[in-house]
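Trainee: Could you walk me through this model, one question at a time?

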Amino acid sequence: IWRYFAYPVFRIIARTNIREVFTALSLALIVGVALLMELIGLSPTLGAFIAGVVLANSEYRHSLEIDIEPFKGLLLGLFFISVGMGIDFGLIMNSPLLIVAAVITLMLVKAFILWSLGRIFSIPTMQGIGFAVILCQGGEFAFVLFQFASGLSILQPEQAKFLTLVVALSIALTPLLILWYNRSVVPHFIGDLPQPKFDSISAQNPIIVAGFGRFGQIIGRFLISQGLKLTILEKDPDQIELLRKFGFKGYFGDATRLDLLESAGAKKARILIIAVDDVDASLEIARLATTTYPDLTVFARARNRKHAYLLHKLGTHYFKRELFDSSLTMAEDILLWLGHDASKIKSNANNFHAHDEKSLLKSFEFFDDESALVDFSKTNRAELEQILQSDLKATPAKDQ
């Protein structure tokens, strides 16, 4: 059906770029397959499931995922509500021991099978236990199978209700098992996790770059082009491999470790450039550098104003907000495209840059007092508008 009917129709609808018709056709296909299954004596729920599998394996699955996203939570909720309404909780009162024994047996048997598979495929012990704990409950598709089996009289109604209750209880217990796993199993095995083997650093250069992603590469490439020698530290092994392919010599290592900074020659280096994108790692590197190596000049990448404030508190010598210059440059290009005077744009941009950098440093006095910081920001914005407006009034009318 998909190959000879649905696929050509979907292809035609996709070319129209009408998302509503595309979504309606998908729902019509699901309803149609469900009705077809019902006509031949099978479960319509199973038909809907089969239609979903077919759509999931089509080339339009990503578009369908986006289109049905607003309905997914609602329909999923309706599914579990319908399952919950069909559960006979009176069975717990009538046969509590049997229910508990069935739930425990289901989870233990499935956990043992999963743990055994983990051992066969050489999964480490901690991950193997986690694998078994997370997946030891019954699956949601069991509800569909029980209903289908009951409709074909393979299972008696009471048996279907019993099995549905057992699976539902196993699903409800899984979060508690995961909590136990995180609190009891993980701490016990955490010391057994393999530690990454960082490179031994032989270079002793005057400049150390911690982090060689998008931000660090621009700095590093320019400094190298000026004949400067750098010691590059990067904790992402894939990034290190990529750098080496392009001829850069980098070392795999975590700059938040003091022993690594020591082996990189931080005691004798002149500059440490912190270009990592993780804020917490950046602050930890800055703390180590400023407290352990007071003679080392630290240049740091700041994610935002808050990050800049924390770097300032740690005593870094220089920080640069990562998007500030590029955003301001793009704003200049927008004004140029609109036909404004190039020299005046540059002057205003320089004024904006200087005022923003000055106000940023001044705002550090109020960062721990939110109300004072808000008042300062409002006053600062008014001052900036006044400065730029005064520059605009001093501009000849033809340039305006």
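Mentor: Gladly, with one definition to begin: Ala, Val, Leu, Ile, Met, Phe, Trp, Tyr, Cys and Pro count as nonpolar, Asp, Glu, Lys and Arg as charged, and the others, including Gly, as polar. The model is predicted, so local features need pLDDT of at least 70 and side-chain atom pairs 80 or more, while totals for chains, interfaces and linings use all residues. Numbering starts from 1 along each chain, and side-chain values use heavy atoms, without hydrogens or water.

Trainee: Which class leads in the lining of the largest pocket, and with how many residues?

Mentor: A pocket is an open set of points on a 1 Å grid over the protein atoms alone where a 1.4 Å probe fits, with protein on both sides within 12 Å along at least five of seven lines; lining residues have an atom within 4 Å of a point. Here the lining has 5 charged and 5 polar residues, against nonpolar ones numbering 17.

Trainee: Which helix gives the most to that lining?

Mentor: Helices are DSSP runs of H or I with at least four residues, and strands are E runs of at least two, numbered from the N terminus. The top contribution is 13 residues, and it comes from helix 4.

Trainee: Which strands stand at the edges of the open sheet?

Mentor: Strands pair if DSSP finds at least two bridges between them. The 6 strands are ordered 3-2-1-4-5-6, with parallel pairing. Two of them have a single partner strand each, so one side is left without a neighbour in the sheet: strand 3 (250-252) and strand 6 (318-321).

Trainee: What is the bridge partner of Ile-232 in strand 3?

Mentor: Strand 2 (residues 230-234) pairs with strand 3 in the parallel sense over 3 bridges. For Ile-232, the partner is Gly-250.
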